[in-house]
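Colleague: I've got this one open in the viewer and would like a close look at a single part, the helix you think we should talk through. Could you walk me along it and then show me how the rest of the chain looks by the same checks?

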Amino acid sequence: MTLPGYDAASYPPFAVTVDLVVLTLRGDVLHVLLVERGADPWRGAWALPGGFVRPDEGLDAAAERELSEETGVRDVPGHLEQLASYGDPDRDPRMRVVSVAYLALAPDLPEPHAGSDAARAAWVPVTDAQRLPLAFDHARVLTDGLERARAKLEYSPLATAFCGPEFTVADLRRVYEAVWGRALDPRNFHRKVTGVPGLLVDTGRTRSEGRGRPATLYRLGDVTTLHPPITRD
């Protein structure tokens with residue numbers, strides 16, 4: 001369709017990309033998915049997976065395609081949401097590029113396999129990734145994604161997705177500790193999570209955890225928002 005009086009060439013061109021902050025727990029340690037860039041710019045540097053949006057696809061489809069092409073990870077079974085948009089004029093030396101970043105949190109994600117223009121793909125502990133000179137403005141994107149993930153644990157039951165169908169309060173506490181990056185007082189945490197209406201349902205079963213008395217096994221209730229929230233303070 002041609003619009004009378006409209007000339008696309010009179011506007012500066014720019015591209016749209018998607019970048020993904022994909023987080024998972026591996027051995028009770030929070031990891032982020034990174035790729036080593038195999039092409040310029042930033043050849044050889046670590047970066048978040050992502051790439052250019054094609055003219056014929058939507059943002060969600062582009063995010064899923066880039067994740068699959070660069071890392072081999074398909075059909076993330078957990079939480080996926082748009083994180084933020086990044087559009088500083090000099091963020092990409094090739095041209096003006098606006099990026100829409102996504103945040104994904106999921107348990108039990110597979111080992112990645114590099115493809116497309118990625119030389120390598122790997123799960124990297126978040127504490128290590130934050131010390132790397134990431135390509136583009138991906139250090140900022142990663143920081144924003146971590147803060148969003150940590151905040152979601154305060155007001156949503158997302159942490160239970162990293163536990164089995166039945167779990168103890170200690171299992172849940174380890175998820176919070178890994179994502180928040182700090183040790184939590186066991187008694188205070190137990191009081192908080194068991195005090196949130198609808199969050200935990202007692203299964204009537206227990207599991208032995210060391211010398212103490214067996215721990216109660218819970219399952220997730222029907223709550224979608226935590227009232228009161230489980231704050232980091």
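Modeller: A word on labels before we start: helices here are DSSP runs of H or I with at least four residues, strands are E runs of at least two, and both are numbered from the N terminus. Keep in mind, too, that this is a predicted model.

I'd pick helix 4, residues 169-180. Its 12 residues should span 16 Å at 1.5 Å a residue, and the end C-alpha atoms are indeed 16 Å apart, so the length agrees with expectation. Right after helix 4 comes Gly181, with a positive phi near 70°.

Now look at how much of helix 4 is hidden. With buried meaning under 20% relative accessible area, 10 of its 12 residues qualify, so the helix is mostly covered. Among them are Val169, Ala170, Leu172, Val175, Ala178 and Val179, along with the rings of Tyr176 and Trp180. Charged residues are on that list as well: Asp171 and Arg173 are both buried. As for what does the covering, the list includes strand 1 and strand 2, then helix 3, helix 5 (186-194), strand 8 (200-207) and strand 9 (215-220).

Helix 1 makes a handy companion to set beside it. Residues 59-71 give helix 1 13 residues, and it reaches 18 Å from first to last C-alpha, close to the 18 Å expected. A glycine follows here too: Gly72, just after helix 1, has a positive phi of about 80°. Its buried residues are Ala62, Ala63, Arg65, Glu66, Leu67, Ser68, Glu70 and Thr71. The cover over them includes strand 1 and strand 2 (29-37), plus strand 4 (50-52), strand 6 (97-105) and strand 7 (118-125). So if you're tracing strand 1 and strand 2, you'll find them in the cover of helix 1 and in that of helix 4. Arg65 and Glu66 also belong to a network of salt bridges with Arg54, Glu57 and Glu69.

Strand 6 is worth a stop, as it carries Ala104. At 1% relative accessibility, Ala104 counts as buried. Leaving aside neighbours within four places in sequence, Ala104 is in contact with Val21, Val22, Leu23, Val76, His79 and Leu80.

Back to charges: the structure holds 21 salt bridges, and a few pairs show how varied their surroundings are. Asp137 and Arg91 meet at 2.7 Å, N to O. That pair links distant parts of the chain, 46 residues apart: Asp137 is in the loop between helix 2 (126-129) and helix 3 (138-155), while Arg91 is in the loop between strand 5 (79-86) and strand 6. Asp137 is buried at 14% relative accessibility, and Arg91 is buried at 9%. Arg94 and Asp92 meet at 2.6 Å, N to O; here Asp92 is buried at 6%, whereas Arg94 is partly exposed at 41%. Then there's Asp40 with Arg43, at 3.5 Å, where both residues are exposed.

One last thing out on the surface: Leu3, Tyr6 and Tyr11 form a nonpolar patch with about 350 Å² of accessible area together. Tyr6 sits in the segment before strand 1 (15-26), and its relative accessible area of 47% makes it partly exposed.

Definitions and conventions:
Residues are numbered from 1 along each chain as its sequence is written. This is a predicted model: local features need pLDDT of at least 70, side-chain atom pairs count only at pLDDT 80 or more; totals for chains, interfaces and linings use all residues. Side-chain values use heavy atoms; hydrogens and water are left out. Patches are made of residues with over 30% relative accessible area and no salt bridge: like charges are joined within 9 Å, nonpolar side chains (Val, Leu, Ile, Met, Phe, Trp, Tyr) within 5 Å. Accessible areas come from the Shrake-Rupley method with a 1.4 Å probe; for residues, only the protein chains shown count as cover. A salt bridge is a side-chain nitrogen of Lys or Arg within 4 Å of a carboxyl oxygen of Asp or Glu. Buried means under 20% relative accessible area, exposed over 50%, partly exposed in between (1.4 Å probe, protein chains only). The expected span of a helix is 1.5 Å times one less than its number of residues. Contact means heavy atoms within 4.5 Å.
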